[in-house]
Amino acid sequence: DDLAHRNVNNAKSLVGICTSMCPDEELLRREKEGDIQLLEITDPGGLHPTHWTLRDTAVKRFRRSAADFKLDIPELVRPPEVLERVCGYLEEWVMERDRQGPDKRWAQAATTTSDTPPPLDVYQFIWDRTRMIRKDFILQNYIGTGGKCDARAVRCHERIARWHAMCEHQLSHIPDFVKHQSQQNIAELGQTMKTLNLYYDDALGRALTETALSGGSDSQGCVSDIVMGKSPIDFDGSV
């Protein structure tokens with residue numbers, strides 16, 4: 001009913017406080033279990049800057065809530081500014097690894113037969129990590145109309161949607177992708193676009209009701225800082 005709807009809308013949303021790409025708790029557990037993937041292994045002075053550690057390359061894996069594990073814990077949830085930094089890191093350091101020549105991590109691994117990351121390995125890694133990016137937004141009630149929305153959430157979902165669309169084209173020559181992963185890729189693209197539509201609808205609604213900003217600025221509606229946000233900051237701190 002209307003009262004219940006108002007109570008949900010007025011409820012205090014979870015605010016993530018994890019400032020790293022992968023929560024310390026998860027990183028320690030995965031290290032102990034030997035669950036660090038090749039694309040996360042550091043190569044200081046080679047592929048990566050000399051000062052980088054696993055904290056600079058590990059990215060939170062997708063995981064569902066279970067009886068023995070809760071997702072909605074502030075220390076495990078990354079806020080929007082960190083999620084946008086993760087998107088920048090994935091684009092800059094991971095998405096093109098299969099197209100950038102030999103990778104010593106593959107050359108040194110006993111379980112691989114190539115010295116270059118296979119396209120489907122890179123795809124599966126990004127697919128998993130971007131699902132968790134979207135999940136962290138949902139956990140913090142960034143759902144558009146009826147919830148929260150800001151420019152960082154919009155930009156992250158736009159970047160993820162473009163990646164899914166790009167993969168559908170670039171991997172279409174790989175039979176295993178067409179047979180096993182294309183359908184899930186299209187499904188994730190659809191879910192991302194559905195969320196984007198809710199964000200856009202929310203921004204449109206606020207653009208019709210906002211008043212002039214303080215300080216004499218005439219910027220209103222879709223060009224206001226409320227809707228557009230500040231210029232995005234990439235993973236390395238650059239604008």
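This is a short tour of a predicted model, going from the whole chain to a helix pair, the cores and two single residues.

**Whole chain**

Start with the full chain in cartoon view. The chain holds 8 helices and 0 strands, so the order of elements from the N terminus reads α-α-α-α-α-α-α-α. Switch on the surface: its accessible area is about 13300 Å², and carbon and sulfur atoms account for 53% of that area. Of the 239 residues in the chain, 41% are buried. Counting contacts between residues at least 6 apart in sequence, 71% join residues at least 24 apart.

**Helices α3 and α5**

Next, select 80–94 for α3 and 119–139 for α5. Their axes come within 10 Å and cross at roughly 170°. Because that angle is over 145 degrees, α3 counts as roughly antiparallel to α5.

Now show side chains where the two helices meet. On the α3 side, pick P80, L83, V86, C87, L90 and V94. Facing them from α5 are V122, F125, I126, R129, T130, I133, D136 and F137. By class, this contact has 11 nonpolar, 1 polar and 2 charged residues.

**The largest nonpolar core**

Keep L90, I126, I133 and F137 selected and add Y199: among the 35 residues of the largest nonpolar core, these five touch the most other members. At least two residues of this core come from each of α3, α5, α6 (151–170) and α7 (175–207). Which helix gives the most to this core? It is α5, with 8 residues.

**Y199**

Zoom in on Y199. Leaving aside residues up to four places away in sequence, Y199 touches F137, Y142, I143, G144, K148, C149, A153, V154 and H157.

**A second core**

Another core, of 5 residues, lies apart from the largest one. To find this smaller group, select F62, F69, L71 and M132, which are among its members.

**E188**

End at E188, in helix α7. Is E188 buried or exposed? The relative accessible area of E188 is 11%, under the 20% cut-off, so E188 is buried. Show the side chains of W127, R131, R134 and H164 as well: E188 touches these four, not counting residues up to four places away in sequence.

How values were computed
Residues are numbered from 1 along each chain as its sequence is written. This is a predicted model: local features need pLDDT of at least 70, side-chain atom pairs count only at pLDDT 80 or more; totals for chains, interfaces and linings use all residues. Side-chain values use heavy atoms; hydrogens and water are left out. A nonpolar core is a set of buried Ala, Val, Leu, Ile, Met, Phe, Trp, Tyr and Cys residues joined through side-chain atoms within 4.5 Å. Buried means under 20% relative accessible area, exposed over 50%, partly exposed in between (1.4 Å probe, protein chains only). Helices (H or I, at least four residues) and strands (E, at least two) are DSSP runs, numbered from the N terminus. Contact means heavy atoms within 4.5 Å. Accessible areas come from the Shrake-Rupley method with a 1.4 Å probe; for residues, only the protein chains shown count as cover. Axes are lines fitted to C-alpha atoms, for helices over the stretch in contact, and angles run from 0 to 180 degrees between N-to-C directions. Angles under 35 degrees count as roughly parallel, over 145 as roughly antiparallel, 65 to 115 as roughly perpendicular and the rest as oblique. Ala, Val, Leu, Ile, Met, Phe, Trp, Tyr, Cys and Pro count as nonpolar, Asp, Glu, Lys and Arg as charged, and the others, Gly among them, as polar.
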